[in-house]
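Subject: Structure for you to look at

Hello,

Here is the structure I promised to pass on. Please open it next to this email and follow along.

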Amino acid sequence: MNTSTTTATLAKPWAWPVLIALAIGLGWLMQAQGQSFYLSMLSRMMIYGLAACSLNLILGYGGLVSFGHAAFVGIGAYTVGILITEGVPSGWIGFPAAMLVSALFAALIGAISLRTRGVYFIMITLAFAQMVYYLANSVKAYGGDEGLNIRMRSDFGFGINLKNDLVFYYLVLLCLVLSLWFMHRLMHSRFGRVVLAQRDDDVRTEALGFAVYRYQLVLFVLAGAMGGLSGALMVNQQNYVNPNLLDWTQSGVLMVMVILGGVGTLAGGLWGALLLLTLEDVFAEYTVHWQFYVGWILLAVVLMAPKGLAGLFQRRAKGVQHG
Amino acid sequence: MTWILFLEQSLNGLQFGLMLFLLASGLTLVFGIMDMINLAHGALYMVGAFLAAWLVNLTQSFLWGVLLAVPLTAVFGMVLESTLLRTLYRRDHMSQVLATFALILIINEAVRMIWGSDLALSAPAALSGPVELLPGLKYPSYRLVIIGVGLALALFLYLVVTQTRMGAWVRAGASNRDMAMAMGINIQRLFTMVFGLGAAMCAVAGAMLGPLLAVQVGMGESILILAFVVIVIGGIGSIWGAFVGSLLVGFVDTFGRTLLPHLFREIFPPQVAATAGPAAASIMVYLLMAVVLFIRPQGLFSRRA
Amino acid sequence: MADPVLQVKSLVKHFGALCATDHVSLDVRAGEIHALIGPNGAGKTSLVAQLSGLLASDSGQVLFQGQDIGGLSAHQRVRLGLVRSFQITRLFKSFKVRDNVALAVQARTGNPYSFWRPVAAERALHDEAESILQEIGLAERADELAQNLSHGEQRVLEVGLAMATAPKLLLLDEPMAGTGPEESQRIVDLIAGLKSRVAILLVEHDMDAVFRLADRISVLVNGAVIACGEPQAIRSDPMVIAAYLGEEHSA
């Protein structure tokens with residue numbers, strides 16, 4: 001697993017502003033060229049990137065292998081979807097609500113799950129996520145297993161029309177950048193230090209006087225809230241939410257993105273999402289069995305480059321990489 | 001709820017629980033001895049079901065189809081273990097999760113490429129009728145056979161684990177792997193055999209449940225979660241825990257699905273009952289797990305050192 | 001005379017049929033170094049685990065500064081000032097040496113859940129960490145990753161981490177485990193320097209260090225304390241010699 005204590009992904013301080021500027025420019029360019037298909041494809045990739053980054057928070061930085069993260073994404077999506085269906089289309093209510101409800105579920109699930117360790121923790125988070133999946137499936141009023149269609153996107157007022165692909169793209173970009181900035185500040189703060197410490201050795205961290213369980217729980221809730229945000233964006237992007245979004249195989253997909261992009265790095269989830277979704281699209285052109293090939297690639301990556309692709313490119317100043 | 005219905009549902013719960021046990025026992029041993037998460041365990045169940053369906057069609061005999069599918073699946077499992085899974089034992093849990101997740105993708109698609117998305121498998125004609133167990137209680141004979149097979153295999157496993165030398169090694173390994181290795185037990189070979197046995201049991205479950213639950217790609221994943229719940233409740237590494245857990249989950253799930261909607265319709269207005277009933281039914285098992293974990297985070301019968 | 005900082009009263013712990021802690025009673029006074037010695041398997045590790053809160057005792061009492069700490073968790077005991085070091089090194093391997101110490105200082109100062117301010121900007125925190133590093137002699141290695149230190153240096157850091165939490169009582173679990181003579185000396189000097197500032201319960205095998213440092217020695221054999229007193233008395237106690245010292249000083 002990646003062991004960077006500082007969370008510098010791109011070494012140069014000007015790297016991020018340049019990237020963001022490029023992203024803004026790219027969006028505008030695509031709109032101007034009439035390539036709105038690619039614009040919405042990019043939006044989708046960034047939304048998954050945000051979801052994967054939120055997982056990286058608990059998994060990569062926290063060292064806690066949570067296998068039910070898709071549940072929080074789905075809960076966020078359903079919250080916004082249900083609100084819109086019930087006549088509350090305001091994004092100013094929907095988005096915070098999505099994050100709040102996801103955070104609540106994360107608090108409940110985390111409170112029980114974090115009392116366990118290792119293999120138990122993984123399976124319990126998995127099982128609880130499945131529970132949420134079955135819940136979503138059985139609530140016929142909101143589509144049940146057929147999913148929920150929403151007739152309009154979130155309304156933020158001020159003439160912001162999310163039906164416009166470029167406007168939506170900028171919203172996604174904004175959420176992504178803000179979330180990554182928050183993650184960056186978080187991991188460099190006192191709180192972040194404790195999180196990284198308990199990843200290395202939770203017993204020692206406790207022996208210094210930190211209540212490790214509480215830190216883990218707070219981290220879990222923050223990651224859940226961020227996942228909820230990505231879900232709110234996702235239901236807007238697809239105008240649709242379906243219980244399959246919460247299925248544990250979706251949690252697996254998020255984990256795949258994290259490992260492809262770099263465990264425990266700030267934007268690892270984003271790179272992984274871009275890579276995986278591109279791979280899927282490329283393979284899907286040639287064969288309906290694209291999962292077969294993606295599976296082999298993933299297997300190869302896990303066996304040979306355990307820190308993910310970002311880990312391959314990252315140079316440490318001194319010190320030996322952990323195995 | 002009449003007596004007849006209660007007995008019928010009890011038998012259903014027993015039947016489901018026993019089949020779950022076939023999956024859970026192999027899984028708990030893998031976790032217990034090798035501390036490895038194997039998500040692909042459900043894929044073995046699926047492969048067993050597909051092989052059975054294919055062979056039954058080939059041989060035109062249910063019995064032969066199942067009897068051949070089991071050792072084939074066992075061999076497949078052992079090959080998988082000795083080539084790929086072995087390299088994962090030393091790795092961290094997340095790597096194991098991802099590698100076996102990748103395996104699921106590969107195996108699912110491979111099955112789809114060979115046989116298509118689903119195969120038909122029906123119970124043998126001789127067992128398609130009901131048996132009258134008690135006056136008024138008619139129960140499908142095929143399900144009775146499943147119960148019989150399940151009990152027989154459970155007994156067989158019990159005898160192997162408690163009476164044979166291999167079983168003693170397994171129990172030693174399950175409670176303390178390093179100690180077992182230090183005592184000179186060839187843990188590599190033991191483990192391949194245990195894995196093969198687990199794969200065989202998965203195959204039996206897959207083949208027997210095929211006629212009831214449909215043989216299709218992805219069938220492994222849904223039952224795998226329940227198997228996880230079982231061993232979390234029962235305690236990792238404990239076969240007895242897997243047995244108790246399986247029966248518990250089997251009964252709670254079966255009764256939950258039949259009783260709760262009834263109950264909700266009695267108590268709540270129809271609007272609420274229509275959604276709340278099935279919703280509650282589907283999450284009963286997970287609530288059970290949450291309760292058990294709250295009281296005993298390591299499971300009911302955990303023997304981990 | 002003031003209450004001893006630590007009072008252990010008739011502590012008992014069974015593991016099945018094995019009695020790991022057999023009605024152990026001892027106390028550690030303010031400013032003293034109280035050594036705990038005993039052959040392997042005597043139950044020293046379980047005792048340390050019980051005192052630090054990682055293992056629940058079956059019966060008995062532990063009083064810290066007069067307060068019963070039986071129900072307190074590990075981190076709560078640390079907050080009160082009861083701190084331990086580990087026999088098998090537990091450091092934050094991916095952190096730099098200075099960040100290891102800074103974390104220990106962070107635990108007892110300032111806002112525990114600060115989310116936003118970068119830790120690197122906290123001058124006071126890092127200055128204090130720096131002075132601790134000077135004291136334990138690792139100031140030159142401050143920017144090295146903890147995992148790159150030599151074993152001996154890691155043992156020093158191990159003690160240093162415990163010191164950095166500003167304890168009232170230090171539970172040192174075989175601090176010299178696996179160190180060569182030079183590094184042992186370093187740690188002995190470190191502990192000697194702490195004397196009279198901090199009460200210390202020192203669990204050790206290294207007899208030279210023990211007799212150099214200890215004000216009092218308790219001897220643990222088969223889970224029970226068979227003798228307790230000043231070093232000269234212990235040295236010449238026939239029971240102790242028979243049970244333990246005889247093996248150590250056979251040369």
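The radius of gyration is taken over C-alpha atoms, and the globule rule used with it is 2.2 Å times the number of residues to the power 0.38. Keep that rule at hand for chains C and B.

First, some housekeeping. This is a predicted model: local features need pLDDT of at least 70, side-chain atom pairs count only at pLDDT 80 or more, and totals for chains, interfaces and linings use all residues. Residues are numbered from 1 along each chain as its sequence is written, while chains are lettered from A and ligands numbered from 1 in the order in which they are written.

**Chain C**

Start with chain C. For its 251 residues, the rule puts a compact globule near 18 Å; chain C has a radius of gyration of 18 Å, so the two agree. Its C-alpha atoms fill a box of roughly 60 × 40 × 40 Å along the principal axes. Chain C holds nine helices and ten strands. Helices (H or I, at least four residues) and strands (E, at least two) are DSSP runs, numbered from the N terminus.

How much of chain C is buried? The figure is 44% of its 251 residues. A residue is buried if 20 or more other C-beta atoms lie within 10 Å of its own, exposed if 12 or fewer, and partly exposed in between; the C-beta atoms are placed from the backbone.

Now contacts. Two residues are in contact if their C-beta atoms, placed from the backbone, lie within 7 Å. Take the contacts in chain C with a separation of 6 or more: residues 24 or more positions apart account for 68% of them.

**Strand β9 of chain C**

Find strand β9, residues 216–221 of chain C. Five of its six residues are buried, so the strand is largely enclosed by the rest of the structure. Which strands pair with it? Strands pair if DSSP finds at least two bridges between them. Strand β3 (residues 33–37) of chain C pairs with β9(C) in the parallel sense, over four bridges. There, C:His34 has C:Arg216 as its bridge partner. Strand β10 (residues 224–229) of chain C pairs with β9(C) in the antiparallel sense, over five bridges. Here C:Ser218 is bridged to C:Cys228. β9(C) and β10(C) form a hairpin with two residues between them. In the turn, C:Asn222 has a positive phi of about 50 degrees.

**Chain B**

Next, chain B. It has eleven helices and four strands. With 305 residues, a compact globule would come near 19 Å; chain B has 20 Å, which agrees. Its C-alpha trace spans about 60 × 50 × 35 Å along the principal axes. Of its 305 residues, 51% count as buried. Residues 24 or more positions apart make up 77% of the chain B contacts with a separation of 6 or more.

Look at helix α4, residues 93–115 of chain B. The expected span of a helix is 1.5 Å times one less than its number of residues. For the 23 residues of α4(B) that gives 33 Å, and the end C-alpha atoms are 32 Å apart, which agrees. The helix is mostly covered, with 17 of its 23 residues buried. B:Gly116 follows α4(B) and has a positive phi, near 90 degrees.

**Where the chains touch**

Two pairs of chains touch, and chains A and B share the most contacts. That contact takes 41 residues from chain A and 39 residues from chain B. On the chain A side, α5(A) gives the most, with 15 residues. By class, this side has 29 nonpolar, ten polar and two charged residues. Ala, Val, Leu, Ile, Met, Phe, Trp, Tyr, Cys and Pro count as nonpolar, Asp, Glu, Lys and Arg as charged, and the others, Gly among them, as polar.

The contact between chains A and C takes 24 residues from chain A and 29 residues from chain C. α7(A) brings the largest share of the chain A side, five residues. That side divides into nine nonpolar, seven polar and eight charged residues. Chains B and C have no contact; their closest C-alpha atoms lie 12 Å apart.

**Confidence in chain A**

pLDDT is the predictor's confidence in each residue, from 0 to 100. Chain A has a mean pLDDT of 86, and 91% of its residues reach 70 or more. Among its elements, helix α9 (residues 212–238) has the highest mean, 96, and helix α13 (residues 309–313) the lowest, 48. pLDDT stays under 50 over residues 1–9 of chain A and over residues 311–323 of chain A.

Best wishes
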